[in-house]
Amino acid sequence: MIIKESMMLGDAEFSLETGLLAKQAHGSIVARYGDTMVLAACVGSEESKPGQDFFPLTVEYRENYFAAGKFPGGYIKREGRMTLKETLTSRLIDRPLRPMFAEGYLGDTTLNASVISYDNTNDADVVGMVAAAASAYLSPLPLHDAIAAVRVGYVDGKLIVNPTVDQRKDSTLDLIVAGTKTSITMVEAGAKFVSEELVVDALEFAQQNIAKIVDLIEKMAKKMKIEKWEVSKPEIDTTFYKAMEKKIGKKLITALTTKGKKKGEVALSDLKKEWVASFEDEEEQAKAATYFSILKERSFRDYTLNQKKRTDGRAFDEVRPISIHVGYLPKAHGSSVFTRGETQALVSLTLGTSSDAQMVDGLAGEQKQTFMLHYNFPGFSVGEPKPSRGPGRRELGHGALAERALAPVVPFNDKFPYTVRLVSDILESNGSSSMASVCGGSLAMLDAGVPLVKPVAGVAMGLVMEGDNYAVLTDIQGAEDHYGDMDFKVAGSEDGITALQMDIKVKGLTREIMAKALDQARAGRLHILGKMNEAISQPRKDLADHAPQIETIMIPVDKIREVIGPGGKVIRSIVEKSGAKIDIEDSGKCVIFGTDTKSCQTALQMVQDLIAVPEEGKTYLGKITRITDFGAFVEIIPGTEGLLHISEIANYRVRAVTDELQEGQEVMVKVLALEKNGRIKLSRKALLEG
C-alpha cells in the first residue's frame, strides 16, 4: 500500500511517500521537495551481538550524478568514494538521530539516503536528513520520536525556510536545524557576522517549521500502525549503587577534581582498579566496573549543578589560560601555535596560485575552492597509540567547521589573488580542538600577511541540566563535553557570528538558555580575541621573503594568443627562463606566480613586452632585424617593427646605412609617428645632441 502525505513548505511542495520503493527494508521513504527527491532506507537488527557495548549505526548519504542528468567526472564513469559534501551530510543525519534511539538498543543499524532527482534549485542535503529520519521512525526500530530538519536563510531582513540555491548566495545566514516536535537536537551554521539575537530568532523559526514536518510524519505513522521492537532498559541495582557511593563517593570527587588531564585519568584509573579488585567474582567485578562509570557521570553532574563548581576549579564563564606563538615555522608562509589549557593546535599556511585551487565536482557542477582548511587529529594528541589512516568523518567535520568560520574574513580573490591552504595539526586535545583551529588559523593568516577582514576566534560552550536547574559552561573540557548535555561551538569576530555547531542531548532547551549560552559565548570569544590581538593584531605588511610573489595584469583578449604561442610554445619559454608560473584566464586576467621577487618580475616584463603597443613620442631600445638601401627595420617590442629611415639615423648626412648600423645591433630610437596603415616611423637622430 502506497502512503503519501504532502504540504507546502516555504515556496515549494514537500512530500513523503512510502510503499512503492525499497519495500524489503525495515523502513523506506521517498522525500520530495520541488523536483529534488531522496530515497532513504533503514535496516536494523533486533538482537545485538554478545558483549556489545556501543550502538553500531552506519549512515551513508550519496548523490547520484544521474539525478541531475550528468556523467561523473574522471576516467571511470561511475560514482566513486564519498565526496566531502556526502560525508558531511552523513554526519548531519547521524548526529541528531543516534542519541534518539531507545537506551539499550545495540543492534546493527544502517541508514542509506540516495539522491535520485535533483532540480538545481532545492538542495538535497536537508531533504535527505528528513527522509533518513522518517525511514527510521516509520520502521520497527526503537526510535520513538519523529525527527525532521530544515535550512534557514536570512535574505533582505527576512528569515526563509529552505532557501533555494540562488537565495543562499544572497543570504547572510546558512543554518541547518534538526529536532523533534518540541525541541532542537542539532544545529549547524555558517554566517556573515550575524547577531546572537538573530540566531535565537532563526532557531525558533526553524523549530516551528520542523514541527510541521513532524506532523506529516506522525500522520503517516498512524496510517501504517507500526509495532516497535521492545528494548529492555538496563536496570539499576539501587542497593549496590548506594553502597558504592557511600564507600568511594568522596574519593571519586577527589579524583575528578585532580588538576591536569593525565593526572586526573591516572587518579580515576587507580580508584577504579582498587574498587573492582575489592570483588573476587568476575561477574561482580564486571558489575563494579559498570557502576563505577555510572557513579562517575552522576558525581560529575552533581558537582557542577548542586555545588556550582567545575572539576578544574574554574568559574562557569572562565576561559582556560591561553598562550600564542606566531611565525613559529621558519619556512611556512605563515604559522601559529595556539594553546588553550590542554588543547594545542599547530596551524601552518601555504600560499598558491589559482591553479592550486581545489576543484569540487558535484550535482551543481564544478567549482573552484581557493580557501581550504585541513584538520588532522593524530592519536598522540590524546596519548593513544593509534596509526594514522587518513582523515575520518570526525576530522573532515571539524575541518569543515573551522573552514566555514574563517571563510567570511578571507579577502576576495581580486584583492588577494592567492589560493590559501591552512593545515591544523592537533598536538594536544582536551576540549574543542576545532575552535583552537579557528583561532590558530586566523593567527597564521595574519602572520602570513593575508589582509583579513577581521580576526576570528571560537569557543565551545557546554550545558549541564536537570529539570529547571542548569549551568552554562564556557570553554568546556573533554569530560564536560562527554558528561554534559550540550556541545555548542560558536565562532566569529567582534562584529558577529560566522559559524555555529550544536549537539543537544536533552529536551526543553528554552530561548532563555539559548540566549544565555550565546551571550556567554560572545564574552568568551571577545576574551580570546583580546589575547590574540596581544600576539598579532594586524596582517603583516609584507609577505615572508620566501613566500611566493604574485603580479596580476590584464592582457587584451586579442593578445592572449600571442602570449601563449602556437601549442603553448611562448608561455613555456617564459616559464623556463623566469622560473615563474603563469595562469591566463579567458577574460585576459594574467596571474604571474614567482617563487621569489626576481622570477616574478622577469616573467612580468616578458609578458608586458609581448603585449606592449608602441606609443608615439616614446623611446625604445630596439634590435635591427634587416637593412635596406633606404633605412633599417628595428624591432622595438617583440613582434613589432618600425622603419628607421636613412635620413633619421644621424644628425648629419649618411651616405650608406651600413656605415652606421649592422644587423643584430641594439639601438635607441624614438617613435615619430604611428601611421594609419600600421607603419611605424622611427628616429635615432631625434635622440642625438645637436
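This section describes selected local features of the structure, which is a predicted model.

The C-terminal strands considered here are joined through β26. Strand β26 spans residues 631-637, and six of its seven residues are buried, so that the strand is mostly covered. On one side, β26 pairs with strand β25 (residues 619-628) in the antiparallel sense, over five bridges. Within this pairing, R626 has F633 of β26 as its bridge partner. The two strands form a hairpin, with two residues between β25 and β26. Strand β26 is also joined to β27 (residues 640-645), again antiparallel, by six bridges. Here V634 is matched with G642, its bridge partner in β27. This second pair likewise forms a hairpin with two residues between the strands, and G639 in the turn adopts a positive phi of about 85°.

Helix α13 covers residues 569-578, and its buried residues include I571, I574 and S578. Viewed down the helix axis, the buried residues of α13 fall within an arc of 55° and therefore line one face of the helix. The face turned away from this buried side carries K569, E576 and K577, which are exposed. Cover for the buried residues of α13 is provided by elements including α12 (560-564), β23 (581-584) and α14 (597-611). Just after the helix, G579 takes a positive phi of about 80°.

A buried loop position is found at T180, in the connection between β9 (173-179) and β10 (184-194). T180 has a relative accessibility of 5%, below the 20% limit, and therefore counts as buried. Leaving aside residues up to four places away in sequence, T180 is in contact with M100, D145, A146, I147, T185, Q207, I210 and V214. At the surface, by contrast, I2, L20 and L21 make a nonpolar patch of about 260 Å². Of these residues, L21 belongs to the loop between β2 (12-18) and β3 (27-33). L21 is partly exposed, its relative accessible area being 36%.

Salt bridges were searched for across the whole structure, and 40 were found. One of them is formed by the side chains of K287 and D237, with an N to O distance of 2.7 Å. Because K287 lies in helix α7 (residues 282-305) and D237 in the loop between α4 (196-224) and α5 (238-256), the pair ties together parts that are 50 residues apart in sequence. Both positions are partly exposed: K287 has a relative accessible area of 29%, and D237 has a relative accessibility of 28%.

A further salt bridge connects E480 and R314, whose closest N and O atoms are 3.9 Å apart. This pair links distant parts of the chain, with E480 in helix α10 (residues 478-483) and R314 in the loop between α7 and β11 (322-326), 166 residues apart. Both E480 and R314 are buried.

The side chains of D495 and K454 also form a salt bridge, at 3.8 Å from N to O. D495 is located in the loop between β20 (486-493) and β21 (496-504), whereas K454 is located in the loop between α9 (433-448) and β18 (457-466); the two are 41 residues apart. D495 is partly exposed, with a relative accessible area of 46%, and K454 is partly exposed at 26% relative accessibility. In addition, E63, K85, D123, D125, R151, R168 and D174 are linked in a network of salt bridges.

Key. Residues are numbered from 1 along each chain as its sequence is written. This is a predicted model: local features need pLDDT of at least 70, side-chain atom pairs count only at pLDDT 80 or more; totals for chains, interfaces and linings use all residues. Side-chain values use heavy atoms; hydrogens and water are left out. Helices (H or I, at least four residues) and strands (E, at least two) are DSSP runs, numbered from the N terminus. Buried means under 20% relative accessible area, exposed over 50%, partly exposed in between (1.4 Å probe, protein chains only). Contact means heavy atoms within 4.5 Å. The arc is that of the directions from the helix axis to the C-beta atoms. Patches are made of residues with over 30% relative accessible area and no salt bridge: like charges are joined within 9 Å, nonpolar side chains (Val, Leu, Ile, Met, Phe, Trp, Tyr) within 5 Å. Accessible areas come from the Shrake-Rupley method with a 1.4 Å probe; for residues, only the protein chains shown count as cover. A salt bridge is a side-chain nitrogen of Lys or Arg within 4 Å of a carboxyl oxygen of Asp or Glu. Two strands pair if DSSP finds at least two bridges between them.
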